[in-house]
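Reader: I'm happier at the bench than with a structure viewer, so could you walk me through how to read this one, feature by feature?
Author: Sure, let's have it on screen first.

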Amino acid sequence: MDSLDPARPLLFQPLEIRGLTLKNRLVVPPMVHYRAGPGSTCDTFHIVHLGRFALGGFGLVFVEATAVEEIGLINEHDLGIWNDAQVQSFKPLIAFMKSEKTAIGIQLAHGGRKSSSQRAIDGMGPLTPQEIAAGARMWQPVGPTSEPVAKGWLTPRQLTTEECKAMVRTWGAAARRAVDAGFDAIEIHTAHGYLLASFLSPVSNTRNDRYGGDREGRMRLPLEIAEAVRREMPQTMPLFVRVSAVDGAQDGWNLDDTVVFARELKARGVDVIDCSSGGISGSATAAQVPRGLGFQVPFAERVRKEVGIPTMAVGIILEARQAEAILQNKQADLIAVGRQAQFNPNIAQHWAHDLGINQKFEDWPPEFGWWLEKRIRTIEGFATPTGIVRRGE
Ligand SMILES: Cc1cc2nc3c(=O)[nH]c(=O)nc-3n(C[C@H](O)[C@H](O)[C@H](O)COP(=O)(O)O)c2cc1C
């Protein structure tokens with residue numbers, strides 16, 4: 001880890017993970033937006049959308065859940081990384097992020113039983129007959145079993161043992177493509193009920209071959225995939241794994257299971273555990289885990305303490321002081337900010353002001369910062385209908 005500058009809050013200290021140095025500890029987590037270009041490629045939308053977070057001061061930004069194979073698309077409008085055209089399509093985005101000194105990662109994903117489902121804005125459930133009649137693309141998903149996620153969802157085809165082995169190669173190939181594209185980091189999506197989460201959880205994995213049964217069997221496919229992905233990555237490149245730390249379902253995957261899983265991931269060269277939760281049955285947002293301020297932070301804390309691996313906290317982290325306290329209390333090493341960043345893409349810059357640094361806009365892109373400093377010098381002390389203008393507010 002870099003030597004720390006005591007004058008700066010932890011949130012804005014650099015963090016070194018393998019060969020990657022993040023300029024601060026604020027991360028944009030993966031967030032699907034259903035705006036892929038033709039052929040599941042990265043298009044102008046993603047450059048503009050994710051580019052705002054680079055200009056807004058984040059240390060690391062993740063590209064949304066990106067399918068490792070076509071039938072693993074959660075929705076037809078998601079991104080993919082199973083062919084060379086897709087690899088090429090990410091390059092302008094990656095070049096822009098790097099030019100702004102923001103690291104760029106990609107979340108590799110497979111929808112499993114939840115592939116070919118609705119966009120969040122349409123309900124995040126199974127496609128309706130009306131949507132299919134209107135032309136929504138539908139295909140048969142795959143999963144650990146042929147049981148659907150819940151009533152009304154598509155009936156998946158159960159992967160054979162041989163197909164599970166092939167799945168490991170599919171993820172390895174996607175990781176190789178992510179490396180070729182020039183990403184700084186990779187995250188494996190093992191959360192929210194998608195393919196790898198559905199192998200981990202006893203709720204959905206009722207197989208009796210080597211990829212099912214007890215916890216060791218259920219962890220086998222995600223762990224073999226972690227090994228395959230790590231093998232394709234340079235030694236210097238960090239590997240994150242996003243977990244659903246708890247299913248929130250009765251007799252489901254729980255935090256003890258996550259601690260064991262994280263230990264195994266660490267042994268395979270995983271660098272950061274990104275602690276999310278839920279989603280095993282129903283939509284990814286099904287509120288099986290009660291929501292509250294920083295409700296998933298205790299998951300990140302326990303994994304960090306018991307496994308001795310860096311963690312990323314995510315979920316309803318709303319303010320700079322809240323985020324800084326999580327780091328100061330050693331509950332996590334990185335802070336991911338999802339919807340607050342959608343709400344205000346400059347939030348990393350604003351949080352620096354809130355914590356008393358960057359008062360002269362020195363960390364803003366200079367073309368903005370110079371003008372913002374000139375602006376505040378002009379308007380500081382002005383009385384507006386809501387009060388007196390002050391620097392840093
Ligand atoms: C628009 C949107 C899309 C999301 N897409 C993904 C995704 O692609 N992969 C994933 O693991 N989580 C996804 N999530 C979950 C977020 O990464 C994050 O964990 C969640 O929003 C909680 O953090 P927040 O309270 O800061 O928003 C998504 C959330 C939102 C709001």
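Reader: How many bridges join β4 to β6?
Author: There are 7 bridges between β4 and β6, and the two strands run parallel. Keep in mind that this is a predicted model. To see one of the pairings, find A65: its bridge partner in β6 is Q107.

Reader: Which strand pairs with β6 over 4 bridges?
Author: That's β9, residues 185–190, and the pairing with β6 is again in the parallel sense. Look at Q107 once more, since its bridge partner in β9 is E187.

Reader: How do I read the two sides of a strand, and which residues of β6 sit on each?
Author: The general idea is that side chains in a regular strand alternate between the two faces of the sheet. In β6, one side has A103, G105, Q107 and A109, and the other has I104, I106 and L108. Both faces are covered, with all of those residues buried. Put as a count, 7 of the 7 residues of β6 are buried.

Reader: Which residues lie on the two sides of strand β12?
Author: Strand β12 covers residues 311–314, with T311 and A313 on one side and M312 and V314 on the other. All four are buried, which leaves both faces covered.

Reader: Which strands pair with β12?
Author: Strand β11, residues 272–276, is joined to β12 by 3 bridges, and the two run parallel. Here I273 stands opposite T311. Strand β13, residues 334–336, also pairs with β12 in the parallel sense, over 3 bridges. In that pairing, A313 stands opposite I335.

Reader: Where does the chain go between β12 and β13, and is the crossover right-handed or left-handed?
Author: Follow the chain out of β12, through helix α9 (residues 320–328), and on into β13. This β-α-β crossover is right-handed.

Reader: On to the ligand. How many residues surround it, and which are the closest?
Author: The ligand has 20 residues around it, and the closest are P29, M31, A65, G338 and R339. You've already met A65, as the partner of Q107. Sorted by kind, the shell divides into 10 nonpolar, 7 polar and 3 charged residues. As for where they come from, β4 (60–67) and α10 (339–343) each supply at least two residues of the shell.

Reader: What should I make of phi at Y34?
Author: As a rule, most residues other than glycine have a negative phi. Y34 has a positive one, near 55°. You'll find Y34 in the loop between β3 (26–28) and α1 (44–55). Y34 counts as partly exposed because it has 17 C-beta neighbours inside 10 Å.

Reader: And where is S116, and is S116 buried or exposed?
Author: S116 sits in the loop between β6 (103–109) and α3 (129–133). Its phi is positive as well, near 55°. With 24 C-beta neighbours inside 10 Å, S116 counts as buried, because the cut-off for buried is 20 or more.

Reader: How far apart in space are P92 and D43?
Author: Their C-alpha atoms are 9.1 Å apart, with the two positions 49 residues apart in sequence numbering. P92 lies in helix α2, residues 84–99. P92 has 15 C-beta neighbours inside 10 Å, so P92 counts as partly exposed.

Reader: What about H350 and I379?
Author: Those two are 29 residues apart along the chain, and 18 Å separate their C-alpha atoms. H350 belongs to helix α11, residues 347–354. Its 17 C-beta neighbours inside 10 Å make H350 partly exposed.

Reader: Let's zoom out. How is the protein divided into domains?
Author: Domain 1 covers 11–344 and domain 2 covers 359–393. Taken over C-alpha atoms, the centres of the two domains are separated by 38 Å. The protein has 12 helices and 15 strands.

Reader: What does the radius of gyration say about the protein?
Author: Compare it with what a compact globule would have: for 393 residues that is near 21 Å, and the protein has 21 Å, so the two agree. Along the principal axes, the C-alpha atoms fill a box of roughly 70 × 50 × 40 Å. Of the 393 residues, 48% count as buried.

Notes: Residues are numbered from 1 along each chain as its sequence is written. This is a predicted model: local features need pLDDT of at least 70, side-chain atom pairs count only at pLDDT 80 or more; totals for chains, interfaces and linings use all residues. A residue is buried if 20 or more other C-beta atoms lie within 10 Å of its own, exposed if 12 or fewer, and partly exposed in between; C-beta atoms are placed from the backbone. Two strands pair if DSSP finds at least two bridges between them. A crossover is right-handed if, with the strands pointing away from the viewer, the path from the first strand over the helix to the second runs clockwise. A residue is near a molecule or strand if its C-beta atom, placed from the backbone, lies within 6 Å of it. Ala, Val, Leu, Ile, Met, Phe, Trp, Tyr, Cys and Pro count as nonpolar, Asp, Glu, Lys and Arg as charged, and the others, Gly among them, as polar. Domain bounds come from an automatic or database domain assignment. The radius of gyration is taken over C-alpha atoms; the globule rule is 2.2 Å times the number of residues to the power 0.38.
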